Amino acid sequence: GAGFRTVALELVDITCLTWSPNSQSLLVHGRLDPAFEPDWWAVPIDGGAPANSRLVQRVREAGMYALPTAPAWLADCLIFSAAGPQGLRLHRQRLVASTLQPAGSLEPFAFGGDAAQLPMVAGRRVAFLSNREDVNLWSVALDTNSGTAIGPMQRMTRGAGILNYLSLAKDYRTLAYFSVGRGGGNVFLRDLETGSERMLVEGPDGEKGYPAISPDGVQIAFGQRRDGERAARPIFIAHTSDSSWRTLGDDCGGRPRQWVDERWLTIERYARLNSIALIDTESGEQRELLQSAEWSIKNARVSPDGRWVAFDAARPGEPVHVFVAAFRDSVIPESEWGIVDHPASHPFWSADGRLLYYTPVGTNALVRRTICARQFSLESGCVAGEPTPVHSFADMAMPVYLPGTAPIATPDRMMFVLGDLRGDIWLMDL
């Protein structure tokens with residue numbers, strides 16, 4: 001009943017915030033303009049202008065990725081989680097008291113060999129979560145009649161680090177994915193029949209990510225992110241049979257997601273709200289596919305027959321929904337989006353397109369523990385029947401706080417990005 005006031009009207013895409021120790025400022029994760037990359041902004045609650053801490057930019061310049069979760073603000077420093085070659089660790093950045101700008105270099109706030117994240121402070125005590133760094137590729141066999149998972153889970157990769165962005169060729173033999181370990185990140189190509197794999201060496205220097213393999217398995221699109229306030233996102237096309245590669249565009253505004261045919265590729269674009277576009281892999285021409293003034297759209301997957309596209313979308317601050325729509329080579333109006341389930345995300349198709357799989361949101365929005373499915377009519381585009389659970393994870397979970405963790409299905413198995421995210425809460429007195 002005391003009323004409220006709005007501060008930092010200049011900022012958009014605010015995801016989380018934390019209070020300063022003196023309760024006179026907020027640290028807000030957002031951006032000043034859709035064209036700029038998000039960062040942490042110091043916002044005085046008296047209505048003063050926000051100040052960009054440039055913390056995210058500084059972390060990227062150090063070769064790491066700052067998790068977009070709230071840092072802990074302790075006296076004159078921030079404690080936050082960042083992922084890099086040494087794994088997911090806590091780091092500390094001191095601030096100038098008068099300007100709240102970074103002072104000095106990043107300092108490791110390391111703890112053992114496990115991942116450390118989600119710091120909280122009270123007085124001079126820091127609490128944080130410490131858990132195993134075990135995000136890997138797993139699979140389970142599918143009953144070919146029901147599409148339900150059967151038998152035990154099988155581990156496909158090992159090692160600490162992050163794995164995501166799964167992409168399959170149309171013959172279901174070659175799997176492309178991104179993996180980052182202690183030596184950095186790159187794209188890998190795996191033969192699902194023999195289990196052999198190789199790292200993609202074709203392309204420019206630097207880390208390669210966001211792979212999408214063409215239906216015939218001959219070409220692979222991948223991207224990079226070049227740092228700056230206005231980060232550039234170039235896309236490259238490489239041939240898997242030789243060492244040739246080319247630049248599709250120096251800044252395509254998004255990441256590769258899936259080839260529609262041997263020429264057109266879907267990309268996930270980043271602006272005020274996420275959208276999905278088509279890009280011509282020969283000319284670089286782009287066409288809007290899924291965009292909205294209200295919904296942020298992610299995780300689009302085109303059906304095996306190319307006639308439908310499933311995706312998840314959410315209004316800022318609201319639960320995420322799974323939708324399906326008829327595919328076209330122009331913008332699909334919102335009036336043609338059909339709801340599949342909510343709250344839910346990360347849709348993917350069975351090999352014959354007759355089942356639409358997805359992950360319902362549970363009690364923890366950062367992870368998923370169940371795969372559900374609904375019958376899908378390739379003729380009408382309608383889903384039928386009640387959502388059916390087809391598989392659940394007991395000791396592991398999908399870390400959907402990482403991008404690109406949607407599962408993928410072949411005719412006889414389903415593959416997931418899973419992590420053993422169980423851990424302990426630790427306390428440190430400073």
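Start by selecting D395: with 47% relative accessibility, this residue counts as partly exposed because the exposed class begins only over 50%. Keep in mind as you click around that you're looking at a predicted model.

**Stop 1: D395 and its partner**

Now add R422 to your selection. The side chains of R422 and D395 meet in a salt bridge, at 3.8 Å from N to O. Where do these two sit along the chain? R422 is in the loop between β35 (413-419) and β36 (423-429), while D395 is in the loop between β33 (383-392) and β34 (408-409). That puts the two 27 residues apart, so this pair links distant parts of the chain. R422 has a relative accessible area of 49%, so it counts as partly exposed.

**Stop 2: a network of charges**

Next, select D76, R92, R94 and E107. Salt bridges with shared partners join these residues into one network. Zoom in on D76 and R94: their closest N and O atoms are 3.3 Å apart. D76 lies in the loop between β6 (72-74) and β7 (77-84), and R94 belongs to strand β8 (residues 87-95), 18 residues apart. Are they buried or partly exposed? D76 is partly exposed because its relative accessibility is 37%, and R94 is partly exposed too, with 31%.

If you'd like to keep hunting for pairs like this, a search of the whole structure finds 21 salt bridges.

**Stop 3: a buried pair**

Jump to R257 and E268. Their side chains meet in a salt bridge, with 2.9 Å from N to O. R257 is in strand β22 (residues 254-259) and E268 is in strand β23 (residues 264-269), eleven residues apart. Buried or exposed? Both R257 and E268 are buried.

**Stop 4: a hairpin**

Select residues 209-213, which make up strand β18. Five of the five residues here are buried, so β18 is largely enclosed by the rest of the structure. Now bring in strand β19 (residues 219-223): three bridges join it to β18, and the two strands run antiparallel. For one of the contacts, click on I213, whose bridge partner in β19 is I220. Together β18 and β19 form a hairpin with five residues between them. While you're in the turn, look at G217, which has a positive phi of about 75°.

**Stop 5: a four-stranded sheet**

Head over to β1, β2, β3 and β4. They make an open sheet with the order β1-β2-β3-β4 and antiparallel pairing. Which strands are at the edges? They are β1 (12-19) and β4 (51-52), each of which pairs on one side only. Next, show β1 with strand β2 (residues 25-31): this antiparallel pair is held over five bridges. To see one of the matched positions, pick V12, whose bridge partner in β2 is R31. Try turning on side chains here, too. In a regular strand, side chains alternate between the two faces of the sheet.

**Last stop: a negative patch**

Finish on the surface by selecting D171, D216, D261 and E262. These residues form a negative surface patch. Now pick out D171 by itself: this residue lies in the loop between β14 (162-168) and β15 (174-181). D171 has 53% relative accessibility, so it counts as exposed.

Technical notes: Residues numbered from 1 in each chain as written. Predicted model: local features only at pLDDT ≥ 70, side-chain atom pairs only at ≥ 80, totals over all residues. Heavy atoms only, no water. Patch = residues over 30% accessible without salt bridge, like charges linked within 9 Å, V, L, I, M, F, W, Y side chains within 5 Å. Areas by Shrake-Rupley, 256 points an atom, 1.4 Å probe, with all protein chains shown as cover. Salt bridge = Lys/Arg side-chain N within 4 Å of Asp/Glu carboxyl O. Lys, Arg positive; Asp, Glu negative; His and termini not counted. Charge placed at Lys NZ, Arg CZ, Asp CG, Glu CD. Buried < 20%, exposed > 50% of the residue type's maximum accessible area, 1.4 Å probe, protein only. Pairing = 2+ DSSP bridges.
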